[in-house]
Structures are given as structure tokens and as C-alpha cells.
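Hello,

Here is the structure I promised to pass on to you. Have a look at it first, and then read on for my notes.

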Amino acid sequence: MKKRINIVSVKLVKEAGIFYAARRITGPEDVADLVRDFLEDADREIFLVICLNAKNEPTAIHTVAVGTLNSVQVHPREVFKAAILANSYNIVLVHNHPSGDPQPSKEDMAITKNLAEAGRIVGIPVLDHIIIGDGKFISLKTKGLI
């Protein structure tokens with residue numbers, strides 16, 4: 001008996017767009033400015049990946065996961081699926097802490113390490129992981145964790 005195999009195509013679908021002042025990402029401040037309005041007042045943790053081209057210009061922002069008040073589950077396949085489809089040269093990870101305190105948790109540091117390693121394997125480096133709080137942010141790269 002024959003079995004049918006689906007022939008598929010994979011597409012990246014544009015859902016919306018935003019305007020931003022800085023043309024290219026030059027540091028964690030640019031990342032925080034880009035996503036602050038989107039994340040700062042959220043009542044749950046939201047994990048984003050910002051896809052960048054070779055000039056560190058953002059080409060796409062993808063919501064990887066929406067979690068609870070104090071956690072979000074993230075898997076490398078979900079992060080890099082969007083990055084690969086967007087032809088990313090580099091990526092920046094971003095999430096918020098609804099408590100307002102942007103200090104990284106042990107879980108934040110562990111997922112950053114895992115995603116950075118996955119990025120090395122697939123050839124899409126993780127440039128930074130930014131955590132947004134009430135009017136503040138922390139760069140895990142600046143803290144030496146990437």
C-alpha cells in the first residue's frame with residue numbers, strides 16, 4: 001500500500017510593521033528602544049528574537065513565546081526557525097520581566113547559554129540577550145554572560 005507524502009513550502013509571513021529611529025543596532029540601548037513600548041507594560045513574560053542582517057539592521061521581530069507572570073518556556077528550534085526563515089546574519093534575544101526588575105534569573109542565564117551554543121552550531125550568532133524591566137534593561141553580553 002502506498003502512503004502519501006506531503007509536498008510543503010515554508011514561508012515567513014509579515015503580520016505587521018513598526019517604525020524605528022535607529023537604522024542599525026549598535027548596542028543594547030538600540031535594542032531596548034526598539035522593543036520597549038511593546039514589552040514594558042506586558043503582564044506576562046514575552047520572549048522575542050530580533051533578526052538582523054549583515055549590517056546589524058533589524059529585518060524581523062518574532063514573538064517566540066508568551067509565558068506567565070514570572071516565566072516563559074523557550075526552545076532553540078522556535079528561536080532559530082524564525083531566524084533561518086528571515087535569512088538572519090545575527091540575532092538578538094529580548095524578553096521582559098513584568099515584575100519590573102530586569103536582573104537575570106538562573107533560568108535566563110541557562111537559556112542564553114543554550115541559545116548561544118545553538119547559534120554557533122547553525123551559524124547564526126546570538127549577539128546579546130536583553131531583559132527589559134520598568135524603564136530599565138540589562139544586557140547579558142555586557143554582564144559577560146555571552
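To start at the beginning of the chain: in which segment is the place of Ile7? Ile7 sits in the segment before H1. Please keep in mind throughout that this is a predicted model. Is Ile7 buried or exposed? Ile7 has a relative accessible area of 84%, so it counts as exposed. Between Ile7 and Pro76 there are 25 Å in space, C-alpha to C-alpha, for a separation of 69 residues in sequence.

Now to the sheet. It is an open sheet of 5 strands with mixed pairing, and the order of the strands is E2-E1-E3-E4-E5. Strand E2 (58–66) and strand E5 (137–139) are the edge strands, each pairing on one side only. From one strand to the next, the twist averages 20°.

Strand E1 (residues 46–52) is a good place to look next. E1 and E2 run antiparallel and are joined by 7 bridges. Ile46 of E1 faces Val66 across the pair, and Leu52 has Pro58 as its bridge partner in E2. The two strands make a hairpin with 5 residues between them, and in the turn Asn56 has a positive phi of about 60°. With E3, E1 also pairs in the antiparallel sense, here over 6 bridges. Leu52 takes part in this pairing too, with Asn90 as its bridge partner in E3.

How are the side chains of E1 arranged? Ile46, Leu48, Ile50 and Leu52 point one way from the strand, while Phe47, Val49 and Cys51 point the other way, and all are buried. Because 7 of the 7 residues of E1 are buried, the strand is largely enclosed by the rest of the structure.

Two helices pack against this sheet. Helix H1 (residues 28–39) touches E1, E2, strand E3 (90–96), strand E4 (126–132) and E5, and its direction makes about 135° with that of E1. The buried residues of H1 are Pro28, Asp30, Val31, Ala32, Leu34, Val35, Arg36 and Leu39; you will notice that Asp30 and Arg36 are on that list. The cover over these buried residues includes E1, E2, E3, E4 and E5. Helix H2, for its part, lies across E1, E2, E3 and E4, running at about 30° to E1.

H2 (residues 76–85) also packs on helix H3 (residues 106–122), at an angle of about 45° and with the axes 10 Å apart. Angles under 35 degrees count as roughly parallel and those from 65 to 115 as roughly perpendicular, and the angle here is therefore described as oblique. The crossing of H2 past H3 is right-handed. On the H2 side, the contact is made by Pro76, Val79 and Phe80; on the H3 side, by Leu115, Ala118, Gly119 and Val122. By type, the residues of this contact are 6 nonpolar, 1 polar and no charged. Pro76, then, is one of the contact residues of H2, and its C-alpha is 25 Å from that of the exposed Ile7.

If you open the model, I would suggest starting with E1 and its two neighbours in the order, E2 and E3.

Best wishes

Key: Residues numbered from 1 in each chain as written. Predicted model: local features only at pLDDT ≥ 70, side-chain atom pairs only at ≥ 80, totals over all residues. Heavy atoms only, no water. Axes fitted to C-alpha atoms, helices over the stretch in contact; angles between N-to-C directions. Helix = DSSP H or I, 4+ residues; strand = E, 2+ residues; numbered from the N terminus. Parallel < 35°, antiparallel > 145°, perpendicular 65-115°, else oblique. Left-handed = near helix turned anticlockwise from the far one by under 90°. Contact = heavy atoms within 4.5 Å. Nonpolar A, V, L, I, M, F, W, Y, C, P; charged D, E, K, R; others polar. Pairing = 2+ DSSP bridges. Buried < 20%, exposed > 50% of the residue type's maximum accessible area, 1.4 Å probe, protein only.
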